[in-house]
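Got the viewer open? Let's walk through a few spots together, one selection at a time.

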Amino acid sequence: MTLEIAADKYYDYTADSISVTGVSNLGGSGLTRSFNMPAQNVTVSATFFTGPTVAATEAKELGDIVLDNGLVVRYADRDKMTASQKSAAVAIIFDAANKKGVGVKIGEDKKWCSDGAGLYNTNEYTVNTDDGAVNKSNAHPHMVVWSAGAYPAFWFAEVENRKGIFNDDNWYLPAEKELNTLYANQETVNNSFDALGITTKINELKWMWSSNGFAISLGGNPNVAAFVNGSSGGGGVGKTTELRACSVRKF
């Protein structure tokens, strides 16, 4: 008989914990074990464990890791996560006061929008520097063709970090203030990225898109949008420039 051991999601198998009653010749190793079946019923047992979590209703803390079932791994327990919990990670809390987390995926080489897309020649709908959710709500009615090709940074932020119970429409491309908060807390956030084994993380040498366009009323070029950088602060570049993008939401 050959046994293939598999743990349910959020659990891991305790090494060498498998046993079979009445069998002394248990062979194999790791997740595959084998034995000669005796002329009687046997009972197979194994031990599984889960890493530390707190309920979704608990107050979030800086660096906490949110899983796709809503449970949270505290920042202090980040190195105690099981492998399956790491794979279930959705976001890392970067603004505890406002319950905001950044998605665990960071996108490279994304345009703010393509040349000729609905927002290319106007910024009047994306001028809120405090809350990217407001920019999202105001901008979408003017996104003539909502697609990854027309709005790469927005599409990445709103679609590509969806997972588990958070597979919804609450993700968005952050505004400048939100990105500045993320950069200010990047050391703690990056420690959680490290615990998850994710190497593409927040880097102050890498420019990142905000959802803001420069306000026309302030003399901004409508074909220019805002980026934020941890070292130099915010600035503006052409909307078809390829920069990093991240995704945030409230939890």
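The stops below go from a strand to some aromatic rings and then to an arginine. Keep in mind that this is a predicted model.

**Stop 1: a strand.** Select residues 208-213, which make up strand β13. Colour them by accessibility: 6 of the 6 are buried, so β13 is largely enclosed by the rest of the structure. Side chains in a regular strand alternate between the two faces of the sheet. Here one side carries Met208, Ser210 and Asn212, the other Trp209, Ser211 and Gly213, and both faces are covered. Now add residues 224-229, strand β14, which pairs with β13 in the antiparallel sense over 3 bridges. Look across from methionine 208 and you'll find valine 228 in β14.

**Stop 2: aromatic rings.** There are 7 aromatic pairs to hunt for. Start with tryptophan 112 and phenylalanine 154: ring centres 4.9 Å apart and planes at 80 degrees, so this pair is edge-to-face. Tryptophan 112 sits in the loop between β12 and α2 while phenylalanine 154 belongs to helix α3, so the pair ties together parts 42 residues apart in sequence. Both residues are buried.

Next, pick tryptophan 146 and tryptophan 155, a tilted pair at 5.1 Å centre to centre with 45 degrees between the planes. Tryptophan 146 is partly exposed at 31% relative accessible area, and tryptophan 155 is partly exposed too, at 23%. Add Tyr151 to the selection: ring pairs link Trp146, Tyr151 and Trp155 into a cluster.

**Stop 3: an arginine.** Which rings does arginine 249 lie over? Its charged end sits over tryptophan 171, 5.6 Å from the ring centre. Arginine 249 also lies over the face of phenylalanine 251, at 5.1 Å from the ring centre.

Conventions: Residues numbered from 1 in each chain as written. Predicted model: local features only at pLDDT ≥ 70, side-chain atom pairs only at ≥ 80, totals over all residues. Heavy atoms only, no water. Buried < 20%, exposed > 50% of the residue type's maximum accessible area, 1.4 Å probe, protein only. Helix = DSSP H or I, 4+ residues; strand = E, 2+ residues; numbered from the N terminus. Pairing = 2+ DSSP bridges. Phe/Tyr/Trp six-rings, centres within 6.5 Å; stacked < 30°, edge-to-face > 60°. Lys NZ or Arg CZ within 6 Å of the ring centre and 35° of its normal.
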